[in-house]
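I opened a fresh notebook page for this one, and these are my entries in the order I made them. Follow along in the viewer if you like.

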Amino acid sequence: MDDKGQITIDYLISITIFLFAVVFVFNYTSGIFTPFQSSSDEVTLIADRVSTKVVEKWISEKDEATPNLVNKTATSNFFTELNANYDGTIDSLGMNGSYMRYDLNVTLQNNSGIMNSAGKNMPAGVNIGQTKRIILSKDSASGNDEVQIISFRVW
């Protein structure tokens with residue numbers, strides 16, 4: 001019996017090939033998901049902050065029992081103001097800093113399609129952060145409620 005403790009060359013080659021295979025699999029699988037990653041975390045956070053400010057403070061019905069209940073007149077006024085005074089609205093939302101300026105597009109839709117849209121047109125090839133909120137729109141004149149989706153896109 002041989003008790004020198006030497007590793008045979010076959011065992012050494014097989015372990016080396018196995019380790020190269022494991023490294024290759026890890027490198028390959030991490031590359032599969034690269035096209036689905038985005039560096040739009042910053043603009044997504046800004047879109048979320050803007051959506052919270054607009055929905056909960058500016059166009060809200062101020063009813064704490066029903067979250068995301070918005071006033072239809074206030075919503076219409078917001079879209080009109082965003083189109084008429086875009087720069088002023090961007091400034092009041094805190095999207096115009098000394099180093100960076102962000103642009104905004106807001107879209108309101110219901111189950112039949114787009115109801116209203118305001119802001120700048122979205123450019124191609126840039127990171128766009130988006131936040132969608134499901135809101136309940138209340139018409140103060142008739143008292144009717146409608147479920148809508150409001151989308152905030154920031155770039």
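**Entry 1: the core.** I started with the largest nonpolar core, which has 24 residues. I listed the members with the most contacts inside it: Val50, Met95, Leu104, Val106, Ile150, Phe152 and Val154. Next I looked up which elements give two or more residues to this core, and I noted α2 (41-58), α3 (72-84), α4 (86-92), β2 and β5. Helix α2 gives the most, with 6 residues.

**Entry 2: how far to trust it.** A reminder to myself: this is a predicted model. The average pLDDT of the protein is 86, and 89% of the residues score at least 70. Where is confidence lowest, and where is it highest? I found the lowest mean in helix α1 (residues 9-32), at 86, and the highest in strand β2 (residues 104-110), at 94. I also keep a general caution here: where pLDDT is low, the predicted coordinates should not be read in detail.

**Entry 3: the overall layout.** I counted 4 helices and 5 strands in the protein. Along the sequence they come in the pattern α-α-β-α-α-β-β-β-β. The protein has 155 residues, and 28% of them count as buried. I then looked at contacts between residues at least 6 apart in sequence, and 60% of these join residues at least 24 apart. For the accessible surface I wrote down about 10,500 Å², with 56% of it belonging to carbon and sulfur atoms.

**Entry 4: strand β2 and its partners.** I came back to β2 after seeing it in the list of core elements. How many of the residues of β2 are buried? The count is 6 of the 7, so the strand is largely enclosed by the rest of the structure.

I looked up its neighbours next. β2 pairs with strand β5 (residues 145-154) in the antiparallel sense, over 6 bridges. Val106 stands opposite Phe152 in that pairing, and Leu104 has Val154 as its bridge partner. I was pleased to find these four names again among the core residues with the most contacts.

β2 also runs antiparallel to strand β3 (residues 113-119), and 6 bridges join the two. Gln109 has Ile114 in β3 as its bridge partner. The two strands form a hairpin, with 2 residues between them.

**Entry 5: β4, β5 and Ser137.** I followed β5 to its pairing with strand β4 (residues 129-138), where 10 bridges join the antiparallel strands. Here I stopped at Ser137, which lies in β4 and stands opposite Glu146 in β5. Is Ser137 buried or exposed? Its relative accessibility is 4%, so I noted it as buried, the limit being under 20%. Leaving out residues up to four places away in sequence, Ser137 touches Val70, Lys72, Asn144, Asp145, Glu146 and Gln148. Glu146 therefore turns up twice in my notes, as the residue opposite Ser137 and as one of its contacts.

**Entry 6: aromatic pairs.** What is the count of aromatic pairs? I got 3.

Phe24 and Tyr28 make a stacked pair, with 6.1 Å from centre to centre and 15° between the planes. The two residues are 4 apart in helix α1, which means that about one helical turn separates them. I checked their accessibility too: Phe24 is exposed, at a relative accessible area of 56%, and Tyr28 is exposed as well, at 52%.

Phe78 and Phe79 gave me another picture. Their ring centres are 5.7 Å apart and their planes stand at 70°, so this pair is edge-to-face. Phe78 counts as buried at 6% relative accessibility, and Phe79 is buried at 1%. I closed the page with the cluster that ring pairs make of Trp58, Phe78 and Phe79.

Methods: Residues are numbered from 1 along each chain as its sequence is written. This is a predicted model: local features need pLDDT of at least 70, side-chain atom pairs count only at pLDDT 80 or more; totals for chains, interfaces and linings use all residues. Side-chain values use heavy atoms; hydrogens and water are left out. pLDDT is the predictor's confidence in each residue, from 0 to 100. Rings of Phe, Tyr and Trp (its six-membered ring) pair if their centres lie within 6.5 Å; planes under 30 degrees apart count as stacked, over 60 as edge-to-face and the rest as tilted. Buried means under 20% relative accessible area, exposed over 50%, partly exposed in between (1.4 Å probe, protein chains only). Two strands pair if DSSP finds at least two bridges between them. Contact means heavy atoms within 4.5 Å. A nonpolar core is a set of buried Ala, Val, Leu, Ile, Met, Phe, Trp, Tyr and Cys residues joined through side-chain atoms within 4.5 Å. Accessible areas come from the Shrake-Rupley method with a 1.4 Å probe; for residues, only the protein chains shown count as cover.
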